[in-house]
Amino acid sequence: MHFLGFNWNPDDILFQIGFIQIKYYNLLWILAFVVGWSIMKQIFKRENISIEKLDSLFVYSVVSIMLGARLGHVIFYQSELITEDPLSILLPIRTVPEFEFTGFTGLASHGATIAAFIALYLFSRKHKDMKFLWLLDRVAVVSTIGCAFVRLGNFFNSEINGNIVDKSFAFATRFIRDSDDMPAYKAIQLTKEKTASAAYKAIENKPEFAQILESIPYRHPAQLYEAFLYFILFGLLYFTYWKTTKRKKPGFLFGMFMVGLWTARFVVEYFKKSQGGFEETWGTFTTGQWLSIPMVLVGLYFMFRPASNPQR
């Protein structure tokens, strides 16, 4: 990797057993949950909460976030799957135009957030000693680093790429496997390779395809911008929880998380290419920005509402 323009075309598959593929994207999702569990274990010990309850909370979180992220993507960005390829909504496959094992791709952070709210509420109803806002505050501390790992996974997948930028820009990146600039079917047609990954490698390594490479524009690595901002927000939340008394104000950490996360998302959207959705109908902002605005308002409310009883 070097500055002032570089090609990005890594093999996104870590290893493969038969038709089952383990991709860097999937690995980073797993890493997000593992790191999150580890940090929550520290928090539960400090709060004198049973680790057995953490295990139960972990199950609630994993199921709700994965399910909500997938359904959110389908509802907000790819609703045609409901009628055209319903099996691909919850299974790691594609059946149209032909069967293919894809892994779990197409996940929306807005859907994951909404589903996590519902799961934490249900969990708090089951465990009466753990109030809903108390849970939201603690989960908020670890959620941001998970979001950062997911964006790094998007970078490995060459998805959610940025707008076109001049090659002279310090972080200009040419995503060879961009769904618009070089879709899989086009790469296969050009090289006659059987798989998309082999076709992309052939295009990149053979001199006769240099002109084709030059036609692929450089873009902002928007995924890295977003991941960087999330790591900063995680540091702020972690410090606020461990070093200040704000953790005693119910909802403050959660509000800080909502304001920081969705403000970062709103800003980075200016550097992303369109992800579709209803932005063409509503105009002014992208779909991601429209969905981020109410999240920020919710966060501001919880940060600045009058203080209540600090007892858990």
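How much space lies in the largest cavity? About 710 Å³. Keep in mind that this is a predicted model. Here are my notes, cavity to begin with and helix packing after that.

1. The cavity search. Going through the whole structure turns up two cavities of 30 Å³ or more. The largest holds the space of about 710 Å³ given above, and 41 residues line it. If you want to find its centre on screen, go to Phe33, Ile65, Val139, Ser143 and Cys147, which are the lining residues closest to that point.

2. Who builds the wall. Six helices are listed as giving two or more residues each to the lining: H1 (24–46), H2 (51–76), H5 (109–126), H6 (132–156), H10 (222–243) and H11 (252–268). H6 gives the most, with ten residues.

3. What the wall is made of. Sorted by class, the lining of the largest cavity has 31 nonpolar residues, alongside eight polar and two charged ones.

4. H5 against H6. Both of these helices help line the largest cavity, and they also pack on each other, at an angle of about 150 degrees with their axes 11 Å apart. Angles over 145 degrees count as roughly antiparallel, so H5 is roughly antiparallel to H6. Their crossing is right-handed. On the H5 side, the contact uses Ser109, Phe117, Leu120, Tyr121, Phe123 and Ser124, while H6 brings Phe132, Leu135, Leu136, Val139 and Arg151. By class that comes to eight nonpolar, two polar and one charged residues. Note that Val139 turns up twice: in this contact and among the residues closest to the cavity centre.

5. H1 against H10. Here is another pair from the cavity lining. Their packing angle is about 15 degrees, and the axes lie 12 Å apart. With under 35 degrees as the cut-off for roughly parallel, that angle makes H1 roughly parallel to H10. The crossing of H1 and H10 is left-handed. Ile39, Gln42, Ile43 and Arg46 in H1 meet a set of aromatic names in H10, namely Phe234, Tyr238, Tyr241 and Trp242. The class count for this contact is six nonpolar, one polar and one charged.

6. H7 against H8. How are these two helices set, at what angle and how far apart are their axes? H7 (residues 184–191) and H8 (residues 196–205) pack at about 60 degrees, and their axes are 8 Å apart. That angle makes H7 oblique to H8. The crossing of H7 and H8 is left-handed. From H7, the residues in contact are Ala184, Ala187, Ile188, Leu190 and Thr191; their partners in H8 are Ala196, Ala199, Tyr200, Ala202 and Ile203. Nine of the residues in this contact are nonpolar and one is polar, with no charged residue.

Key: Residues are numbered from 1 along each chain as its sequence is written. This is a predicted model: local features need pLDDT of at least 70, side-chain atom pairs count only at pLDDT 80 or more; totals for chains, interfaces and linings use all residues. Side-chain values use heavy atoms; hydrogens and water are left out. On a 1 Å grid over the protein atoms alone, a cavity is a set of points where a 1.4 Å probe fits but cannot get out, and a pocket is an open set with protein on both sides within 12 Å along at least five of seven lines; lining residues have an atom within 4 Å of a point. Grid points are joined across faces, edges and corners, and a volume is the space filled by probe spheres set on the points. Helices (H or I, at least four residues) and strands (E, at least two) are DSSP runs, numbered from the N terminus. Ala, Val, Leu, Ile, Met, Phe, Trp, Tyr, Cys and Pro count as nonpolar, Asp, Glu, Lys and Arg as charged, and the others, Gly among them, as polar. Axes are lines fitted to C-alpha atoms, for helices over the stretch in contact, and angles run from 0 to 180 degrees between N-to-C directions. Angles under 35 degrees count as roughly parallel, over 145 as roughly antiparallel, 65 to 115 as roughly perpendicular and the rest as oblique. A crossing is left-handed if the near helix is turned anticlockwise from the far one by less than a right angle, and right-handed if clockwise. Contact means heavy atoms within 4.5 Å.
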